[in-house]
Amino acid sequence: MCAPADLAHASVANLMTMIGGTPCLSSANLDGHLRAAAMGDEERAHLRAARRERIAKDAAAQLAVLEADRVEPEGGEAPRPGDLRDLRLEGDLGMYTLEMQQRREDLFEAHPLVNKWLDRWWAAAERYFDERGVEGRKDGKLSADEYKKFHARLLRVVAAQGAGFCVSAEEASSMAAADFASDAGDDGAVDREEFRFAIFQLADQWTNSVEPQEYIEFLDRGYKVVFQELIENDKPKLPACWGEELKGKGKIKKGDSMVPTVRCADMMAQILFDKIAADNVTRGKHAKMGVISKMGKDGVAANGVQHMSLHVLNWFKKSYGTGDAMKKQFRSFIIELLHLMDDQNSPLQEFAMLFGQLCGVYTESGRISAMPHEAAEFLILHLEGIQSLIGQAKKSGLGEMATLLADEAKQTSSTGLLNAESKQSNSKKAKNSNIKAKARSGQGSKRESGEEIESVNLVNAKSQALVEGLIELEAAKVYLDHVLNEELGVPDEAPLHRIVMVSLAGLSVEAGRKKRSGQITGGERVVRCMRFTVLLGLIYNSWVRDEAS
């Protein structure tokens with residue numbers, strides 16, 4: 001376990017910041033897991049009591065609306081069995097029983113995919129609306145003015161439905177003020193917990209049931225409406241050394257790529273493992289300079305090791321020459337890389353994101369954080385060790401993603417879309433008069449919006465292992481304990497050590513062992529290779545920054 005003071009420690013604060021700019025960790029609700037783990041029993045009990053009170057209060061308000069709208073049958077007759085009005089009313093009332101209130105609370109507190117989307121909403125709101133103060137830092141809260149700007153975009157969820165919804169500037173301002181008064185705490189601002197619960201209430205208002213999938217699909221569609229434009233304008237910044245080879249060819253766009261997705265992934269893996277081999281040779285020639293050296297302005301460290309971005313460029317030159325053929329292949333590769341980095345539905349996204357971060361790709365908003373050279377080199381040094389951990393898990397029957405019985409996968413369905421028109425006509429919940437009551441989503445997602453456990457067939461076996469590999473939780477703990485104690489000198493009692501161990505537990509999922517007969521048995525906690533790998537790099541970066549300060 002960890003303590004609230006651990007989160008305030010410099011090395012941990014650095015780690016948390018990097019987690020926020022690393023989608024494969026932030027999407028796993030790691031930030032929320034760490035904050036929950038740091039709460040004391042009294043604080044956690046108080047938070048749950050306050051949340052339960054809000055759910056009960058909201059349910060009472062909805063019941064009052066339903067009672068006020070009750071339509072008595074003509075002539076004072078009792079409702080007939082099967083009467084449509086009676087069935088509708090029964091369905092409405094049934095959504096606000098104590099049992100239904102408890103199911104809502106359980107969804108908010110414990111469902112991994114619901115929490116993943118709520119965290120994604122908060123991360124985007126904080127990134128794009130929480131303005132930096134005089135010291136250049138965000139305060140982790142939305143003021144009334146900041147909330148109003150977010151609320152203006154939230155109204156687009158309603159407009160996207162195409163139901164003729166239109167409000168004046170005065171009405172929009174009044175609605176924003178009403179919602180802010182409802183959502184803000186005693187400090188006059190909306191913090192992470194308050195924001196997440198407010199968005200959960202929004203989803204609750206416009207779903208027919210308390211089934212997780214309905215909430216997930218609403219949050220997915222609403223997120224696209226509110227934030228997609230901001231994200232698309234938040235373009236990734238590429239390493240300077242790539243600029244010359246990409247110059248003069250117009251804007252980089254997906255349709256220009258001639259490199260198939262799977263080929264791009266195999267190229268990334270080949271480049272990574274070629275760099276390991278090249279770095280081992282280079283370090284052998286400059287042993288006295290140390291294993292990791294600071295990067296020079298020319299992209300080459302004192303020990304002769306090249307920055308990842310420069311290595312990528314030189315790999316293409318070595319493979320395709322220096323003419324137009326090389327430039328065409330390089331450009332196509334970069335186009336596909338950037339596409340994969342932003343494709344939340346691709347099983348290759350985490351691998352592409354890691355590769356991009358190693359190369360120094362970033363966004364100004366912090367949505368994507370470049371991995372500093374020293375951290376990148378430290379991570380690359382450990383890739384072979386990580387491969388051995390994957391091998392251990394595979395030998396014990398845990399090596400195929402197809403055997404993974406992930407916690408999040410067990411709580412999703414593969415049924416696809418909900419019909420928006422059907423939702424509009426068959427809602428079983430009462431509606432309010434402000435934005436939470438008016439929000440509707442327009443288009444459904446073509447895929448299930450949670451984390452699907454999906455396999456992808458790659459040519460390169462090493463890249464297949466990186467993308468799909470699993471590591472046993474206990475083996476991961478032993479490995480990182482050795483890294484922290486022996487390589488970085490971080491003792492067990494240090495805040496960074498405690499946070500890392502809690503992080504591993506938060507990233508772990510349940511997997512089954514596959515027997516020779518094909519039967520899947522038992523359950524063991526494992527960590528996906530990509531998440532373990534990225535966490536390792538961020539640990540080193542946090543440690544370096546703490547040492548430097």
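A polar contact here is a pair of N or O atoms within 3.5 Å; within protein, one must be able to donate a hydrogen and the other to accept it, and residues adjacent in sequence count only if both atoms are side-chain atoms. Histidine 307 has one of these: its side chain and that of serine 309 are joined at 2.8 Å.

Some ground rules. What you're looking at is a predicted model, where local features need pLDDT of at least 70, side-chain atom pairs count only at pLDDT 80 or more, and totals for chains, interfaces and linings use all residues. Residues are numbered from 1 along each chain as its sequence is written, and side-chain values use heavy atoms, with hydrogens and water left out.

**The whole chain**

The protein has 26 helices and five strands, taken as DSSP runs numbered from the N terminus (helices H or I, at least four residues; strands E, at least two). Half-buried is a fair label: of the 549 residues, 50% count as buried. Buried means under 20% relative accessible area, exposed over 50%, and partly exposed in between (1.4 Å probe, protein chains only). Take the contacts between residues at least 6 apart in sequence, and 75% of them join residues at least 24 apart; contact means heavy atoms within 4.5 Å.

**Two loop residues**

| Residue | Loop between | Relative accessibility |
|---|---|---|
| Histidine 307 | helix H14 (261-285) and helix H15 (308-320) | 15%, buried |
| Glycine 366 | helix H17 (349-359) and helix H18 (373-381) | 26%, partly exposed |

Leaving aside neighbours within four places in sequence, histidine 307 is in contact with Lys275, Met295, Gly299, Leu358, Cys359, Gly360 and His373. With the same neighbours left out, glycine 366 is in contact with Gly20, Gly21 and Arg127. Glycine 366 and glycine 21 are 345 residues apart in sequence, yet their C-alpha atoms are 5.5 Å apart in space.

**Empty space inside**

A cavity is a set of points on a 1 Å grid over the protein atoms alone where a 1.4 Å probe fits but cannot get out, and lining residues have an atom within 4 Å of a point. Points are joined across faces, edges and corners, and the volume is the space filled by probe spheres set on them. There are four cavities of 30 Å³ or more, and the largest has a volume of about 90 Å³. Helix H5 (41-68), helix H7 (98-110) and helix H11 (192-205) each give two or more residues to its lining. Among the lining residues are Arg54, Asp58, Tyr96, Arg104, Phe197 and Asp204.

Notes
1 Å grid on protein atoms, 1.4 Å probe; cavity = no way out; pocket = protein on both sides within 12 Å on 5 of 7 lines; lining within 4 Å.
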